[in-house]
Amino acid sequence: MPGILKLIIVGIGAYAVISIYVYYIQSSLIYYPDMPGRNLVATPDNIGLSYQNVEFFTEDNIKLNGWFIPGNNAKQTVLFFHGNAGNISHRLESIEIFNRLELNVFIIDYRGYGQSEGKTTEKGTYRDAEAAWNYLSTRGISGEQVIIFGRSLGASIATWLASKYTPAALIIESGFTSVASMGQRFYPFLPIRWLTHIKYDTKQYVKNISCPVMVAHSKDDEIIPFDEGREIFAAAPEPKQFLEMRGGHNDGFVASGSTYVDGLRSFIKQTP
(Lines give C-alpha, C1' and ligand atoms only; values in the text may rest on other atoms or scores of the structure.)
Protein backbone atom coordinates (compact mmCIF):
# COMPACT_ATOMS: atom_id res chain seq x y z
CA MET A 1 0.00 0.00 0.00
CA PRO A 2 2.74 2.54 0.80
CA GLY A 3 4.27 1.76 -2.61
CA ILE A 4 1.02 2.44 -4.42
CA LEU A 5 0.51 5.64 -2.45
CA LYS A 6 4.01 6.74 -3.37
CA LEU A 7 3.30 6.12 -7.06
CA ILE A 8 0.09 8.12 -6.83
CA ILE A 9 1.89 11.03 -5.18
CA VAL A 10 4.67 10.93 -7.81
CA GLY A 11 2.05 10.81 -10.59
CA ILE A 12 0.16 13.78 -9.17
CA GLY A 13 3.39 15.70 -8.80
CA ALA A 14 4.44 14.96 -12.39
CA TYR A 15 1.00 15.99 -13.64
CA ALA A 16 1.24 19.26 -11.73
CA VAL A 17 4.73 19.97 -13.09
CA ILE A 18 3.60 19.32 -16.66
CA SER A 19 0.55 21.56 -16.18
CA ILE A 20 2.64 24.40 -14.77
CA TYR A 21 5.17 24.00 -17.58
CA VAL A 22 2.47 24.24 -20.26
CA TYR A 23 1.01 27.31 -18.53
CA TYR A 24 4.30 29.19 -18.62
CA ILE A 25 5.43 28.23 -22.14
CA GLN A 26 2.19 29.11 -23.94
CA SER A 27 3.72 32.00 -25.84
CA SER A 28 6.45 29.79 -27.29
CA LEU A 29 3.81 27.25 -28.35
CA ILE A 30 1.75 29.89 -30.17
CA TYR A 31 4.13 32.46 -31.65
CA TYR A 32 6.87 31.48 -34.13
CA PRO A 33 8.32 34.75 -35.46
CA ASP A 34 11.72 33.14 -36.06
CA MET A 35 10.42 30.24 -38.13
CA PRO A 36 11.62 30.33 -40.87
CA GLY A 37 13.15 33.67 -39.83
CA ARG A 38 12.55 37.34 -39.13
CA ASN A 39 14.45 38.61 -42.17
CA LEU A 40 12.34 39.67 -45.13
CA VAL A 41 13.29 37.17 -47.82
CA ALA A 42 11.42 38.87 -50.68
CA THR A 43 9.20 41.84 -51.49
CA PRO A 44 6.27 42.39 -53.86
CA ASP A 45 8.87 43.59 -56.39
CA ASN A 46 9.79 39.93 -56.79
CA ILE A 47 6.35 39.20 -58.24
CA GLY A 48 6.18 42.39 -60.28
CA LEU A 49 4.06 44.45 -57.92
CA SER A 50 4.86 47.96 -56.78
CA TYR A 51 4.48 48.58 -53.07
CA GLN A 52 5.13 51.04 -50.30
CA ASN A 53 7.05 50.07 -47.20
CA VAL A 54 5.08 51.42 -44.24
CA GLU A 55 6.11 52.15 -40.66
CA PHE A 56 3.51 53.19 -38.09
CA PHE A 57 3.06 53.20 -34.33
CA THR A 58 0.69 51.48 -31.95
CA GLU A 59 -1.12 53.03 -29.01
CA ASP A 60 1.68 51.81 -26.72
CA ASN A 61 4.35 53.29 -29.01
CA ILE A 62 5.60 50.13 -30.71
CA LYS A 63 6.88 50.67 -34.26
CA LEU A 64 5.36 48.24 -36.72
CA ASN A 65 6.26 47.44 -40.30
CA GLY A 66 4.01 46.57 -43.20
CA TRP A 67 3.48 46.86 -46.94
CA PHE A 68 0.80 48.71 -48.84
CA ILE A 69 0.32 47.21 -52.29
CA PRO A 70 -2.02 49.26 -54.51
CA GLY A 71 -4.35 47.40 -56.83
CA ASN A 72 -5.45 48.45 -60.30
CA ASN A 73 -8.73 50.36 -60.14
CA ALA A 74 -9.07 49.27 -56.52
CA LYS A 75 -12.11 50.48 -54.62
CA GLN A 76 -11.52 48.30 -51.56
CA THR A 77 -8.52 47.43 -49.40
CA VAL A 78 -7.72 44.09 -47.78
CA LEU A 79 -6.28 44.44 -44.29
CA PHE A 80 -4.26 41.21 -44.06
CA PHE A 81 -3.34 39.44 -40.81
CA HIS A 82 -1.06 36.44 -41.32
CA GLY A 83 -0.49 33.26 -39.32
CA ASN A 84 1.77 32.55 -36.37
CA ALA A 85 5.00 31.74 -38.25
CA GLY A 86 7.19 33.77 -40.58
CA ASN A 87 6.46 37.30 -41.72
CA ILE A 88 4.90 39.37 -44.48
CA SER A 89 7.55 38.29 -47.00
CA HIS A 90 6.22 34.71 -46.85
CA ARG A 91 2.75 35.79 -48.05
CA LEU A 92 3.48 36.91 -51.61
CA GLU A 93 1.19 34.29 -53.18
CA SER A 94 -1.77 35.60 -51.23
CA ILE A 95 -0.86 39.21 -52.00
CA GLU A 96 -0.78 38.33 -55.70
CA ILE A 97 -4.24 36.72 -55.51
CA PHE A 98 -5.81 39.79 -53.89
CA ASN A 99 -4.03 42.01 -56.41
CA ARG A 100 -5.59 39.99 -59.25
CA LEU A 101 -8.94 40.62 -57.62
CA GLU A 102 -8.25 44.38 -58.04
CA LEU A 103 -7.86 45.11 -54.35
CA ASN A 104 -5.35 47.16 -52.43
CA VAL A 105 -3.53 45.08 -49.82
CA PHE A 106 -2.21 46.30 -46.49
CA ILE A 107 -0.32 43.52 -44.73
CA ILE A 108 1.49 44.00 -41.44
CA ASP A 109 3.87 42.14 -39.17
CA TYR A 110 2.81 41.90 -35.54
CA ARG A 111 5.14 43.18 -32.83
CA GLY A 112 8.10 40.82 -32.60
CA TYR A 113 7.65 39.61 -36.20
CA GLY A 114 9.68 40.60 -39.25
CA GLN A 115 10.89 44.19 -39.00
CA SER A 116 8.35 45.17 -36.35
CA GLU A 117 9.63 46.03 -32.90
CA GLY A 118 8.50 44.70 -29.52
CA LYS A 119 7.54 41.37 -27.99
CA THR A 120 4.50 39.42 -29.14
CA THR A 121 1.56 39.13 -26.73
CA GLU A 122 -2.14 38.54 -27.25
CA LYS A 123 -3.08 42.05 -26.12
CA GLY A 124 -0.23 43.40 -28.24
CA THR A 125 -1.52 41.76 -31.41
CA TYR A 126 -4.91 43.36 -30.85
CA ARG A 127 -3.24 46.74 -30.45
CA ASP A 128 -1.30 46.06 -33.65
CA ALA A 129 -4.52 45.29 -35.52
CA GLU A 130 -6.14 48.46 -34.22
CA ALA A 131 -3.10 50.52 -35.22
CA ALA A 132 -3.26 49.07 -38.75
CA TRP A 133 -6.96 49.94 -38.99
CA ASN A 134 -6.25 53.50 -37.83
CA TYR A 135 -3.35 53.82 -40.25
CA LEU A 136 -5.65 53.13 -43.19
CA SER A 137 -7.86 56.02 -42.11
CA THR A 138 -4.84 58.34 -42.39
CA ARG A 139 -4.68 57.34 -46.07
CA GLY A 140 -8.30 58.36 -46.53
CA ILE A 141 -9.54 54.76 -46.57
CA SER A 142 -12.76 54.47 -44.57
CA GLY A 143 -13.96 51.37 -42.77
CA GLU A 144 -16.63 50.79 -45.42
CA GLN A 145 -13.81 50.27 -47.93
CA VAL A 146 -11.88 47.74 -45.82
CA ILE A 147 -12.14 43.95 -46.03
CA ILE A 148 -10.46 42.40 -42.99
CA PHE A 149 -8.75 39.11 -43.78
CA GLY A 150 -7.06 36.72 -41.36
CA ARG A 151 -5.47 33.31 -41.77
CA SER A 152 -4.86 30.85 -38.90
CA LEU A 153 -3.76 32.92 -35.87
CA GLY A 154 -4.48 36.01 -37.95
CA ALA A 155 -8.09 34.85 -38.34
CA SER A 156 -8.67 35.34 -34.62
CA ILE A 157 -6.97 38.76 -34.64
CA ALA A 158 -9.01 39.78 -37.69
CA THR A 159 -12.24 38.64 -36.05
CA TRP A 160 -11.45 40.55 -32.87
CA LEU A 161 -10.89 43.72 -34.91
CA ALA A 162 -14.10 43.25 -36.90
CA SER A 163 -16.00 42.84 -33.62
CA LYS A 164 -14.78 46.28 -32.50
CA TYR A 165 -15.21 48.16 -35.78
CA THR A 166 -17.40 47.80 -38.86
CA PRO A 167 -15.53 46.86 -42.03
CA ALA A 168 -17.10 46.09 -45.39
CA ALA A 169 -16.55 42.37 -44.78
CA LEU A 170 -14.55 39.80 -42.82
CA ILE A 171 -12.80 36.72 -44.22
CA ILE A 172 -11.79 34.04 -41.70
CA GLU A 173 -9.47 31.49 -43.27
CA SER A 174 -8.26 28.30 -41.55
CA GLY A 175 -9.22 29.70 -38.17
CA PHE A 176 -9.59 28.05 -34.76
CA THR A 177 -12.41 28.62 -32.27
CA SER A 178 -10.04 29.39 -29.37
CA VAL A 179 -6.61 28.55 -28.00
CA ALA A 180 -8.28 26.44 -25.32
CA SER A 181 -10.10 24.36 -27.92
CA MET A 182 -6.91 23.71 -29.88
CA GLY A 183 -4.95 23.04 -26.70
CA GLN A 184 -7.46 20.43 -25.63
CA ARG A 185 -6.99 18.66 -28.95
CA PHE A 186 -3.21 18.56 -28.55
CA TYR A 187 -3.15 17.91 -24.78
CA PRO A 188 -6.39 16.03 -23.99
CA PHE A 189 -4.96 14.78 -20.69
CA LEU A 190 -4.47 18.30 -19.28
CA PRO A 191 -7.05 20.77 -17.86
CA ILE A 192 -6.30 23.15 -20.72
CA ARG A 193 -9.29 25.43 -20.21
CA TRP A 194 -7.96 26.23 -16.74
CA LEU A 195 -4.37 26.62 -17.94
CA THR A 196 -4.78 28.91 -20.95
CA HIS A 197 -4.09 32.56 -20.24
CA ILE A 198 -3.84 33.27 -23.99
CA LYS A 199 -7.41 33.15 -25.31
CA TYR A 200 -7.88 34.22 -28.96
CA ASP A 201 -11.56 33.35 -28.60
CA THR A 202 -12.57 33.56 -32.26
CA LYS A 203 -15.90 31.83 -31.75
CA GLN A 204 -16.92 34.42 -29.17
CA TYR A 205 -15.66 37.37 -31.21
CA VAL A 206 -17.52 36.33 -34.35
CA LYS A 207 -20.87 36.50 -32.53
CA ASN A 208 -20.45 40.28 -32.36
CA ILE A 209 -19.77 40.84 -36.07
CA SER A 210 -22.11 43.18 -37.94
CA CYS A 211 -20.66 42.78 -41.45
CA PRO A 212 -20.83 39.97 -44.05
CA VAL A 213 -18.59 37.04 -43.08
CA MET A 214 -16.88 34.36 -45.14
CA VAL A 215 -15.34 31.36 -43.38
CA ALA A 216 -12.92 29.33 -45.51
CA HIS A 217 -11.50 26.01 -44.34
CA SER A 218 -10.14 22.78 -45.78
CA LYS A 219 -11.23 19.27 -44.81
CA ASP A 220 -7.59 18.29 -45.36
CA ASP A 221 -6.25 20.79 -42.80
CA GLU A 222 -3.79 18.79 -40.71
CA ILE A 223 -3.21 21.47 -38.07
CA ILE A 224 -6.57 23.14 -37.43
CA PRO A 225 -9.39 20.63 -37.94
CA PHE A 226 -12.24 21.37 -40.33
CA ASP A 227 -14.67 21.19 -37.41
CA GLU A 228 -13.10 24.33 -35.92
CA GLY A 229 -13.99 26.30 -39.03
CA ARG A 230 -17.52 24.89 -39.08
CA GLU A 231 -18.01 25.92 -35.43
CA ILE A 232 -16.92 29.47 -36.19
CA PHE A 233 -19.30 29.57 -39.14
CA ALA A 234 -22.20 28.29 -37.02
CA ALA A 235 -21.56 31.02 -34.44
CA ALA A 236 -21.38 33.83 -37.00
CA PRO A 237 -24.50 35.92 -37.66
CA GLU A 238 -25.97 36.33 -41.12
CA PRO A 239 -25.08 37.25 -43.79
CA LYS A 240 -22.38 34.61 -44.04
CA GLN A 241 -20.85 32.15 -46.50
CA PHE A 242 -18.71 29.05 -46.11
CA LEU A 243 -15.98 28.25 -48.63
CA GLU A 244 -14.78 24.65 -48.50
CA MET A 245 -11.15 24.42 -49.53
CA ARG A 246 -8.84 21.48 -50.17
CA GLY A 247 -5.17 21.00 -49.34
CA GLY A 248 -3.18 21.40 -46.14
CA HIS A 249 -3.18 24.16 -43.57
CA ASN A 250 -0.37 26.16 -45.16
CA ASP A 251 -1.13 25.55 -48.84
CA GLY A 252 -4.90 25.14 -48.99
CA PHE A 253 -5.44 28.48 -50.70
CA VAL A 254 -3.00 27.40 -53.42
CA ALA A 255 -4.19 23.78 -53.71
CA SER A 256 -7.81 24.95 -53.98
CA GLY A 257 -6.96 26.91 -57.13
CA SER A 258 -9.89 28.54 -58.90
CA THR A 259 -12.35 27.29 -56.28
CA TYR A 260 -10.65 29.55 -53.77
CA VAL A 261 -10.13 32.56 -56.03
CA ASP A 262 -13.63 32.42 -57.52
CA GLY A 263 -15.10 32.00 -54.04
CA LEU A 264 -13.33 35.12 -52.83
CA ARG A 265 -14.32 37.04 -55.95
CA SER A 266 -17.99 36.12 -55.58
CA PHE A 267 -18.06 37.05 -51.89
CA ILE A 268 -16.25 40.35 -52.39
CA LYS A 269 -18.60 41.34 -55.22
CA GLN A 270 -21.51 41.01 -52.81
CA THR A 271 -20.00 43.31 -50.21
CA PRO A 272 -21.44 46.85 -50.04
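This briefing describes the overall build of a predicted model, one helix pair, one buried helix face and several local backbone features. The protein has eleven helices and eight strands, where helices (H or I, at least four residues) and strands (E, at least two) are DSSP runs numbered from the N terminus. Because the model is predicted, local features need pLDDT of at least 70 and side-chain atom pairs count only at pLDDT 80 or more, whereas totals for chains, interfaces and linings use all residues. Residues are numbered from 1 along each chain as its sequence is written, and side-chain values use heavy atoms, with hydrogens and water left out.

**Overall build**

- The radius of gyration of the protein, taken over C-alpha atoms, is 20 Å, close to the 19 Å that the globule rule (2.2 Å times the number of residues to the power 0.38) gives for 272 residues, so the protein is as compact as a globular protein of that length.
- The C-alpha trace spans about 80 × 35 × 30 Å along its principal axes.
- Of the 272 residues, 54% are buried, where buried means under 20% relative accessible area, exposed over 50% and partly exposed in between, with a 1.4 Å probe and protein chains only.
- Among contacts (heavy atoms within 4.5 Å) between residues at least 6 apart in sequence, 72% join residues at least 24 apart.

**Helices α4 and α5**

- Two packed helices are described by the angle between their axes and the distance between the axes.
- Helix α4 (residues 122-138) and helix α5 (residues 153-164) pack at an angle of about 60°, with their axes 10 Å apart; the axes are lines fitted to C-alpha atoms over the stretch in contact, and angles run from 0 to 180 degrees between N-to-C directions.
- That angle makes α4 oblique to α5, since angles under 35 degrees count as roughly parallel, over 145 as roughly antiparallel, 65 to 115 as roughly perpendicular and the rest as oblique.
- The crossing of α4 and α5 is right-handed, meaning that the near helix is turned clockwise from the far one by less than a right angle, while an anticlockwise turn would be left-handed.
- On the α4 side the contact is made by T125, Y126, A129, E130 and W133, and on the α5 side by I157, W160 and L161.
- These contact residues divide into six nonpolar, one polar and one charged, with Ala, Val, Leu, Ile, Met, Phe, Trp, Tyr, Cys and Pro counted as nonpolar, Asp, Glu, Lys and Arg as charged, and the others, Gly among them, as polar.

**Helix α9**

- In helix α9 (residues 226-235), the buried residues are F226, E228, G229, I232, F233 and A235.
- These buried residues pack against β6 (169-173), α6 (179-186), α8 (202-206), β7 (213-218) and β8 (240-245).

**Backbone features in loops**

- Most residues other than glycine have a negative phi, and most peptide bonds are trans.
- A cis peptide bond with omega of about 0° joins M35 and P36, and P36 is found in the loop between α2 (26-30) and β1 (52-57).
- The peptide bond from E238 to P239 is also cis, with omega near -5°, and P239 lies in the loop between α9 and β8.
- N73, in the loop between β2 (63-69) and β3 (77-81), has a positive phi of about 55° although it is not a glycine, and N73 counts as exposed at 66% relative accessibility.
- S174, in the loop between β6 and α6, has a positive phi near 55°, and S174 counts as buried at 2% relative accessibility.
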